[in-house]
Amino acid sequence: MFDKIKSDMVKAMKEQDKFKLSVIRMIKGSIDKERIDKKIEITDEIVIDVLAKELKTREESRLEFSKAGRTDLVEGLDKEIAIIKEYLPEPLTDEEVDKIIDEAFMETEASSIKDMGRVMKVVTPKVKGRCDMKEVSSKIKAKLS
């Protein structure tokens with residue numbers, strides 16, 4: 001996955017696509033920062049985590065800019081979000097998320113809201129970067145209530 005990002009960066013340089021190049025450089029920089037900070041090798045999991053964080057940041061910024069009526073900034077963020085999504089795995093459907101949550105409930109034998117942390121610990125690695133974690137959290141809370 002990281003190799004694809006690096007090759008796309010070279011491709012964007014050759015095509016002189018400055019916007020895409022800047023977004024890919026930002027992604028690569030974030031991944032490199034994670035690798036240096038945690039002193040770990042880059043894996044697809046690390047790349048997905050970084051991409052998910054970057055996507056979440058931009059989606060939150062997009063929401064704030066749209067509230068403020070800054071359509072010029074919203075358009076730029078939409079383009080960045082589209083580029084970041086190119087590198088993320090396919091999003092999970094609601095049915096797939098529900099199935100993962102159900103499996104986690106069986107595995108952890110969760111029965112009350114006190115078990116929320118245990119269920120999240122099982123579900124998070126399976127869905128991270130592939131769906132909205134707020135949505136997952138609210139689904140788990142609803143099942144525990």
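Let's start with one pair of side chains: K139 and D94 meet in a salt bridge, with 3.6 Å from N to O. A salt bridge here is a side-chain nitrogen of Lys or Arg within 4 Å of a carboxyl oxygen of Asp or Glu. This pair links distant parts of the chain, since K139 sits in helix α7 (residues 133-144) and D94 in helix α5 (residues 94-108), 45 residues apart. D94 and K139 also belong to a network with D98 and E135, joined by salt bridges that share partners. At 41% relative accessibility, D94 counts as partly exposed; buried means under 20% relative accessible area, exposed over 50%, and partly exposed in between (1.4 Å probe, protein chains only).

A quick word on what you're looking at: this is a predicted model, where local features need pLDDT of at least 70 and side-chain atom pairs count only at pLDDT 80 or more, while totals for chains, interfaces and linings use all residues. Residues are numbered from 1 along each chain as its sequence is written, and side-chain values use heavy atoms, leaving out hydrogens and water.

**The overall picture**

The chain has seven helices and zero strands, so defined as DSSP runs numbered from the N terminus (helices: H or I, at least four residues; strands: E, at least two). Read along the sequence, the pattern is α-α-α-α-α-α-α. The C-alpha trace spans about 55 × 40 × 25 Å along its principal axes. Of the 145 residues, 34% are buried. Take the contacts (heavy atoms within 4.5 Å) with a separation of 6 or more: 56% of them come from residues 24 or more positions apart.

**Inside the chain**

Which residues touch the most other members of the largest nonpolar core? They are I5, I27, I31, L51, I84 and Y87, in a core of 20 residues. A nonpolar core is a set of buried Ala, Val, Leu, Ile, Met, Phe, Trp, Tyr and Cys residues joined through side-chain atoms within 4.5 Å. Four helices each supply at least two residues of this core: α1 (2-15), α2 (18-38), α3 (44-67) and α4 (71-87). The top giver is α3, with six residues. Apart from this core lies another, of 16 residues, including I101, V119, M120 and I140. Back in the 20-residue core, I5 is in contact with I24, I27, I31, V47 and Y87, leaving aside its neighbours within four places in sequence.

**More salt bridges**

The salt bridge count comes to 17. Here are three of them:

| Pair | N to O distance |
|---|---|
| E86 and K20 | 3.5 Å |
| D32 and R35 | 4.0 Å |
| K139 and D94 | 3.6 Å |

E86 lies in helix α4 and K20 in helix α2, so their salt bridge ties together parts that are 66 residues apart in sequence. E86 is partly exposed, with a relative accessible area of 45%, and K20 is partly exposed too, at 22%.

The pair D32 and R35 stays within one helix: both lie in α2, three residues apart, about one turn of the helix. Is D32 buried or exposed? With 17% relative accessibility, D32 counts as buried, whereas R35 is partly exposed at 32%.

**Charges overall**

Counting Lys and Arg as positive and Asp and Glu as negative, with His and the chain ends not counted, the chain has 31 positive and 32 negative side chains. The centres of the two sets lie 4 Å apart, taking each charge's place as NZ of Lys, CZ of Arg, CG of Asp or CD of Glu.
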